[in-house]
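Please open the model in a viewer and keep the sequence at hand. The stops below proceed by selection, each followed by a description of what is found there.

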Amino acid sequence: GPQLTLLELLSGHRSLLAGGLDLQRLAGLLPRLAPRYYSISSSPAAPGGARRASVTVALVEYSSATGRLHKGAASSTIHGQQVGLFLAGTVRQLQSRFRLPPNPLTPIIMVGPGTGVAPMIGFLEERQALQQAGAALGPAVLFFGCRSEQDYLYKQQLQDWLASGV
């Protein structure tokens, strides 16, 4: 059968609540909402510096088999905010080697699979800042996908970077 949310399950089986399962006890049984992690899609070398970080978030929204509209807890909250407003969050520094090579002449291949294009945008912003500071850049290739033209969020920026050699 269709996957049901807890609310849909309880609506269809009210006897669970009538049998003594109160909301406080039910809430105590549920797992905590897991934190959402997003890749930063900006570079501290770009305008705004280290005081500005951007994230690229796809809105999660779909209708279930029961016809109910489901919205992602974090993505719909972020999507509902006005552009330019600040949202509370934390930034974790990963112990990873996922960064541009130290020599800007080193050729790079960027692939945006599970993370999407977000971290690659940060890399390209960094390359643009290096180029504007007079550095010569090695070749760069970016592979990523979009489900639709609507998902091609960075189209103009990517075309500009391609034209400028970033």
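A residue is called buried when its relative accessible area is under 20%, exposed when that area is over 50%, and partly exposed in between. With these cut-offs, Glu149 is exposed, because its relative accessible area is 53%. The model toured here is predicted.

**The whole chain**

Begin with the protein chain displayed as a cartoon. Its secondary structure comprises 6 helices and 4 strands, which follow one another along the sequence in the pattern α-α-α-β-β-α-β-α-β-α. The radius of gyration is 22 Å, well over the 15 Å given by the globule rule for 166 residues, so the chain is more spread out than a compact globule. Reduce the display to the C-alpha trace and align the view with the principal axes: the trace spans about 70 × 30 × 30 Å.

Next, colour the chain by accessibility. Of the 166 residues, 22% are buried. As for contacts with a separation of 6 or more, 57% of them are between residues 24 or more positions apart.

**The salt bridges**

How many salt bridges does the structure hold? There are 3, and each may be selected in turn.

Select Arg52 and Glu125. These residues form a salt bridge in which the closest N and O atoms are 3.7 Å apart. Arg52 belongs to the loop between helix H3 (23–29) and strand E1 (61–63), and Glu125 to helix H5 (residues 118–132), so the pair ties together parts that are 73 residues apart in sequence. The accessibility of the two partners can be read next: Arg52 is partly exposed at 34%, whereas Glu125 is buried at 9%.

Now select Lys71 and Glu61, whose side chains meet in a salt bridge with an N to O distance of 4.0 Å. This pair links distant parts of the chain, with Lys71 in strand E2 (residues 69–71) and Glu61 in strand E1, 10 residues apart. Lys71 is exposed, its relative accessibility being 52%, while Glu61 is partly exposed at 43%.

The remaining selection is Lys155 with Glu149. Here the side chains meet in a salt bridge of 2.9 Å, N to O. Lys155 has a relative accessible area of 32% and is therefore partly exposed; its partner Glu149, at 53%, is exposed.

**Two residues of helix H5**

Return to Glu125, which is found in helix H5, and show its surroundings. Which residues does Glu125 touch, not counting residues up to four places away in sequence? They are Ser41, Ser42, Ser43, Ala46, Arg52, Gln157 and Trp161. Arg52 in this list is the salt-bridge partner already visited.

Then select Pro119, which is also located in helix H5. Pro119 counts as buried, with 9% relative accessibility. When residues up to four places away in sequence are left out, Pro119 touches Ser39, Ile40 and Phe98. For a distance across the model, select the C-alpha atoms of Pro119 and Ala73: these residues are 46 apart along the chain, and the two atoms are separated by 22 Å.

**The second largest pocket**

Ala73 also leads to the next stop, since it is one of the residues lining the second largest pocket. Select the whole lining: Thr5, Leu6, Leu30, Pro31, Arg32, Leu33, Arg36, Arg68, His70, Lys71, Gly72 and Ala73. The volume of this pocket is about 340 Å³. Coloured by residue class, the lining divides into 5 nonpolar, 3 polar and 4 charged residues. Lys71, a member of this lining, is the residue seen earlier in a salt bridge with Glu61.

**The cavity**

For the last stop, turn to enclosed space. Rolling a probe the size of a water molecule over the atoms shows where empty space is left. The structure holds 1 cavity of 30 Å³ or more, and the largest cavity contains about 60 Å³ of space. To see its walls, select Leu100, Pro101, Asn103, Pro104, Thr106, Ile108, Arg127, Leu130 and Leu137. What is the division of this lining into nonpolar, polar and charged residues? The lining of the largest cavity has 6 nonpolar, 2 polar and 1 charged.

Key. Residues numbered from 1 in each chain as written. Predicted model: local features only at pLDDT ≥ 70, side-chain atom pairs only at ≥ 80, totals over all residues. Heavy atoms only, no water. 1 Å grid on protein atoms, 1.4 Å probe; cavity = no way out; pocket = protein on both sides within 12 Å on 5 of 7 lines; lining within 4 Å. Points joined across faces, edges and corners; volume = space filled by probe spheres on them. Nonpolar A, V, L, I, M, F, W, Y, C, P; charged D, E, K, R; others polar. Buried < 20%, exposed > 50% of the residue type's maximum accessible area, 1.4 Å probe, protein only. Rg over C-alpha atoms; globule rule 2.2 N^0.38 Å. Contact = heavy atoms within 4.5 Å.
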